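Please look over the structure shown below before reading the notes. They are arranged by topic, from the whole chain down to single residues.

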Amino acid sequence: FRLHADWIVVDETIAPAPHLPELAQRLGIHRDAGGFAQADNVRRMSSQTNRRGIFVAGGGRGVFSAEQLRADADQVSLQVWIF
């Protein structure tokens, strides 16, 4: 099966998951202006939040490529191990 299209339309809406606002509220996690978890803060490492022991990765932080997602998961696992 092949589909030959003249146009390909891609939704470029970049937004956090619909359930993230409620989850962030329940956990007391700060969100950035785009609504993603882990608001930018120079005192936090790449996966840390404003709550000690709560980490975010992947789609909770933004839109990443597959390679960036793997690196992000590695970073979180290292932070959890250190914690």
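What follows is a short briefing on overall shape, surface and charge, one ion pair, and two individual positions. The model is predicted, and every value quoted below was computed from its atoms.

**Overall shape**

- The secondary structure of the protein amounts to two helices and zero strands.
- The protein is more spread out than a compact globule, because its radius of gyration of 16 Å is well over the 12 Å that the globule rule gives for 83 residues.
- Measured out along the principal axes, the C-alpha trace has a span of about 50 × 25 × 25 Å.
- Of the contacts between residues at least 6 apart in sequence, 27% join residues at least 24 apart.

**Surface, burial and charge**

- The accessible surface of the protein is about 6,800 Å², and carbon and sulfur atoms account for 55% of that area.
- Buried residues make up 24% of the 83 residues.
- The protein carries 9 positive and 9 negative charges, and the mean positions of these two sets lie 12 Å apart.

**The salt bridge in helix α1**

- Side chains of opposite charge can pair when their charged atoms come close.
- A search of the whole structure finds one salt bridge, and this pair is formed by E22 and R26, whose closest N and O atoms are 2.8 Å apart.
- Both partners belong to helix α1, which covers residues 20-27, and because they are four residues apart in that helix, about one helical turn separates E22 from R26.
- The two residues fall into separate accessibility classes, since E22 is partly exposed with a relative accessible area of 46%, whereas R26 counts as exposed at 66%.

**Two positions outside the helices**

- Where does A17 lie? A17 is placed in the segment before α1, and with a relative accessibility of 31% A17 counts as partly exposed.
- Although A17 and Q75 are 58 residues apart along the chain, the distance between their C-alpha atoms is 21 Å.
- G35 is found in the loop between α1 and α2, the latter helix being residues 66-82.
- Is G35 buried or exposed? G35 has a relative accessible area of 10%, and because this value is under the 20% cut-off, G35 is classed as buried.
- If residues up to four places away in sequence are not counted, G35 touches P16 and L20.
- The C-alpha atoms of G35 and H19 are separated by 11 Å, with these positions 16 residues apart in terms of chain numbering.

Methods. Residues numbered from 1 in each chain as written. Predicted model: local features only at pLDDT ≥ 70, side-chain atom pairs only at ≥ 80, totals over all residues. Heavy atoms only, no water. Salt bridge = Lys/Arg side-chain N within 4 Å of Asp/Glu carboxyl O. Buried < 20%, exposed > 50% of the residue type's maximum accessible area, 1.4 Å probe, protein only. Rg over C-alpha atoms; globule rule 2.2 N^0.38 Å. Contact = heavy atoms within 4.5 Å. Areas by Shrake-Rupley, 256 points an atom, 1.4 Å probe, with all protein chains shown as cover. Lys, Arg positive; Asp, Glu negative; His and termini not counted. Charge placed at Lys NZ, Arg CZ, Asp CG, Glu CD.
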